[in-house]
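I have a fresh structure open on the bench laptop and a cup of coffee beside it. Here are my notes on what I looked up, in the order I went.

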Amino acid sequence: MVGAYARPVENHSVPHSTPRTAAFFDLDKTVIAKSSTLTFSKSFYQGGLINRRAALRTAYTQFVFLVGGADHGQMERMREYLSALCRGWDVAQVKEIVAETLHDLIDPIIYDEAAALIEEHHAAGRDVVIVSTSGAEVVEPIGELLGADRVVATRMVVGGDGRFTGEVEYYAYGPTKAQAVRELAASEGYDLDRCYAYSDSATDVPMLEAVGHPYAVNPDRALRREAAARGWPVLSFTRPVPLKQRLPSLSMPSRPVLAAAALTAAAATAGLVWYSTRRRTARESLARIQRI
């Protein structure tokens, strides 16, 4: 399963004489302030993939998700709705829309605290793995933008015509996330007792249980209770700051350039700039965690 679904964004797999470590991050409301899939609903509407009614429904779903999070039942209903919604979508068109709008939509909602932690984990020699229930066509380019080493995400079945059939091939949710973490640990040599995991949702308790250093980030009520009972640290991420605001002098490429290179040069350049200019923020974030 790992070979099929844990896609390397930038593969650093080399022989190691000592156990390796990793930091596993949920994406929505942990690294970014909204639902990654629902954030693109307006772009999908403008691209003709969904109608106005569907766009309004996804906007409402985003609002509910932001206000109260999503329990198991809500996540299942969301999965069924989105699976039916994307049936017949051209996969190449979806990827093109995501590439064209990635920076406009995702840059402004990346938590500064999460970006700093990602940098700090990399500086400590740990792999960074994004483990998200959202679809791979959305999560993989976001993972590259964030500088992640690997991505585990939900995958839909693609027919011979290059369109989604509406069926789910692999659902990265709940216990399945924990299974992916354990399988990655086995294949990559991670020492899970020394690994880290971050999530906002009680549905990710199995993933948090799988590592030695679990953290609840902006937790929903159920996860907050669970964290209190287990003595897990609770982090509050509150500063979504876009790249342009962090670095006013940074000149972002035009949309045609982003469409052609969002998954390569632009993402790599942004990651290097983040790392070189925000070490202080990273050190402060890690210091706050160590004091917990």
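Which residues is Ile106 in contact with, leaving aside its neighbours within four places in sequence? I found Ile32, Thr39, Phe40, Ile142 and Leu145. A reminder to myself: this is a predicted model.

**Entry: the cores.** I next looked up the largest nonpolar core, which has 44 residues. Ile106 turned up again here, since Phe25, Ile106 and Tyr198 are the residues with the most contacts inside that core. I then checked which elements supply at least two residues each, and among them are strand E2 (22–25), helix H6 (91–106), helix H8 (136–146), strand E6 (196–199) and strand E7 (213–217). Apart from this core lies another, of 24 residues, and I noted Val129, Ala172, Ala180 and Ala197 among them.

**Entry: strand E2.** I looked at which way the side chains go. Ala22 and Phe24 point one way from E2, while Ala23 and Phe25 point the other way, and all are buried. For partners, I found that E2 pairs with E3 in the parallel sense over four bridges, with Ala23 opposite Val128. E2 also pairs with E6, again in the parallel sense, over three bridges. There, Phe25 has Tyr198 as its bridge partner, and I was pleased to meet two of the core's best-connected names together, as both are listed among the residues with the most contacts.

**Entry: on to E7 and E8.** From E6 I moved to E7, which pairs with E6 in the parallel sense over four bridges. Tyr198 stands opposite Tyr215 of E7. Four of the five residues of E7 are buried, so I wrote it down as mostly covered. E7 also pairs with strand E8 (residues 234–235), in the parallel sense over two bridges, and Val217 has Leu235 as its bridge partner. I followed the chain from E7 through helix H11 (residues 221–230) to E8, and this β-α-β crossover is right-handed.

**Entry: helix H9.** Helix H9 (residues 175–188) has 14 residues and reaches 20 Å from its first C-alpha to its last, close to the 20 Å expected at 1.5 Å a residue. I listed Lys177, Ala178, Ala180, Val181, Leu184, Ala185 and Glu188 as buried. Why do the buried residues of H9 line one face of the helix? Seen down the axis, they fall within an arc of 160°, so one face it is. On the other side of H9, Pro175 and Ala186 are exposed. Last note of the day: Gly189 follows H9, and its phi is positive, near 80°.

Notes
Residues are numbered from 1 along each chain as its sequence is written. This is a predicted model: local features need pLDDT of at least 70, side-chain atom pairs count only at pLDDT 80 or more; totals for chains, interfaces and linings use all residues. Side-chain values use heavy atoms; hydrogens and water are left out. A nonpolar core is a set of buried Ala, Val, Leu, Ile, Met, Phe, Trp, Tyr and Cys residues joined through side-chain atoms within 4.5 Å. Buried means under 20% relative accessible area, exposed over 50%, partly exposed in between (1.4 Å probe, protein chains only). Contact means heavy atoms within 4.5 Å. Two strands pair if DSSP finds at least two bridges between them. A crossover is right-handed if, with the strands pointing away from the viewer, the path from the first strand over the helix to the second runs clockwise. The expected span of a helix is 1.5 Å times one less than its number of residues. The arc is that of the directions from the helix axis to the C-beta atoms.
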